Amino acid sequence: MPRNYTTNTTSLWLPGKFTELTPQQQALYLMLKGQREITAAGTLPLTVQRWTKTAKGWTRQLIDAELSALEAAGHLVIDRDTEEVLLVKFVKFDGGYRNEKRRPVIAEAALAIMSPTLRTALADELAELDALSDVVSRLRGDALSGDAGDKASDRESGFDRVVVNQGESVPQPTTHNQQPVAPAGKPPKREIPKSLEAAFDEFWSIYPLRKGKLDAERKFAQAAKRADPGVILAGARRFAAANRQTEPRFIAHPATWLHQGRWDDDAPTPKPRAVGDFGPEINTWTPEDAS
């Protein structure tokens with residue numbers, strides 16, 4: 001159901017990590033948060049062309065660049081394969097997880113996410129909030145098995161029920177089309193050809209941020225069709241060397257780095273870690289949330 005409102009606190013504009021964004025990045029973040037399609041779980045479809053119509057001067061190239069900047073800063077998680085976006089900490093600051101009537105809505109939206117990367121990120125957020133523990137298990141299980149569910153099949157086949165809190169139940173997709181979680185002791189299914197596994201494992205050991213491994217495997221396989229794996233690894237080494245002292249929130253997710261072909265980039269100027277710059281908690285990502 002489309003939302004008719006969104007919430008922002010005045011503390012958003014106090015000195016802190018949100019005010020370190022550029023005006024364009026702030027505007028884009030607030031625009032995303034105010035979209036009618038955003039779910040109770042903080043997800044929305046990646047519709048860049050339509051977003052260009054929300055302000056004069058927006059172009060696909062400009063929005064793509066600012067989305068990547070927001071992702072690198074830790075405000076978004078993006079899966080360009082499934083065309084989904086997650087606003088980091090949206091559930092926490094929206095506050096719906098505290099409301100017993102809203103929790104089933106959050107759970108249904110969470111289980112409808114197709115991207116393993118987004119499902120894992122949201123599961124971590126919900127676990128941190130100690131909320132919807134059964135949904136957290138389901139999100140992590142589906143991400144591990146590589147099966148994020150099929151929303152079209154869910155709509156056709158109806159819903160089972162899953163208990164998410166004492167006295168509550170929420171719709172949950174049926175499982176007849178889903179792959180089982182890998183049994184204990186067996187490695188999970190990988191998203192990369194066996195011939196590229198060694199190269200990807202080296203990339204994963206080199207890259208300075210280890211998030212979204214399954215998504216990164218898929219992107220590495222795609223990147224290897226455009227460039228020799230040795231070239232990709234060399235670019236990853238340059239990038240890692242230049243970002244030894246960079247805060248994790250300023251480092252692009254490995255899948256994003258691969259998707260954008262950034263192994264050909266010149267070595268970036270490292271951004272030093274801020275010392276003692278924690279600022280007040282605001283209605284977006286904060287350093288405390290990274291712990």
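This is a guided walk through the model, one selection at a time.

**Before you click**

You're looking at a predicted model, where local features need pLDDT of at least 70, side-chain atom pairs count only at pLDDT 80 or more, and totals for chains, interfaces and linings use all residues. Numbering starts from 1 along each chain as its sequence is written, and side-chain values use heavy atoms, with hydrogens and water left out.

**Colour by confidence**

Start with pLDDT, the predictor's confidence in each residue on a scale from 0 to 100. The protein averages 79, and 74% of the residues score at least 70. Which elements sit at the two ends of the range of mean pLDDT? Strand β3 (residues 84-87) has the highest value, 95, and helix α8 (residues 151-157) the lowest, 41. Helices here are DSSP runs of H or I with at least four residues, strands are runs of E with at least two, and both are numbered from the N terminus.

Now select residues 149-164: pLDDT is below 50 over this stretch, which has 39 contacts in the model beyond near neighbours in sequence. Do likewise for 173-180, also below 50, with 23 such contacts. A contact means heavy atoms within 4.5 Å.

**Select the sheet**

Show β1, β2 and β3 together. They form an open sheet in the order β1-β3-β2, with antiparallel pairing. Two strands count as paired if DSSP finds at least two bridges between them. In general, strands of a sheet pair through backbone hydrogen bonds, either parallel or antiparallel. The edges are β1 (43-45) and β2 (76-79), each pairing on one side only. On average, neighbouring strands are turned by 20 degrees against each other, direction ignored; the axes behind that angle are lines fitted to C-alpha atoms (for helices, over the stretch in contact), and angles run from 0 to 180 degrees between N-to-C directions.

Zoom in on β3. On one flank, β2 joins β3 through four antiparallel bridges, with Ile-78 partnered by Val-85. On the other, β1 and β3 pair over three bridges, again antiparallel, and Thr-43 has Leu-86 as its partner. Turn on the β3 side chains: Glu-84 and Leu-86 point one way, Val-85 and Leu-87 the other, and all are buried. Buried means under 20% relative accessible area, exposed means over 50%, and partly exposed is in between (1.4 Å probe, protein chains only).

Before leaving, check the hairpin of β2 and β3: four residues lie between the strands, and Glu-83 takes a positive phi near 60 degrees.

**Hunt the salt bridges**

The whole structure has 15 of them, each one a side-chain nitrogen of Lys or Arg within 4 Å of a carboxyl oxygen of Asp or Glu.

- Select Arg-80 and Glu-71. The closest N and O atoms are 3.6 Å apart, and both residues are buried.
- Select Asp-124 and Arg-140, whose side chains meet at 3.0 Å, N to O. Asp-124 lies in helix α6 (residues 116-128) and Arg-140 in helix α7 (residues 133-145), so this pair ties together parts 16 residues apart in sequence. Asp-124 is partly exposed at 39% relative accessibility, and Arg-140 is partly exposed at 40%.
- Select Asp-215 and Arg-218, a salt bridge of 3.4 Å, N to O. They are three residues apart in helix α10 (residues 213-223), so about one helical turn separates them. Asp-215 is buried at 3%, and Arg-218 is buried at 18%.
- Select Arg-190, Lys-194, Glu-197, Asp-201 and Glu-217 together to see a network of salt bridges.

**Two residues to finish on**

Keep Asp-215 on screen and add Thr-117 from helix α6. What does Thr-117 touch, leaving aside its neighbours within four places in sequence? Its contacts are Val-77, Asp-79, Gly-212 and Asp-215. Thr-117 is buried, with a relative accessible area of 10%.

Last stop: Ala-236 in helix α11 (residues 229-242). At 0% relative accessibility, Ala-236 counts as buried. Setting aside neighbours within four places in sequence, Ala-236 is in contact with Phe-203, Ile-206 and Trp-257. Draw a C-alpha to C-alpha distance from Ala-236 to Ile-206: 6.6 Å in space, for residues 30 apart in sequence.
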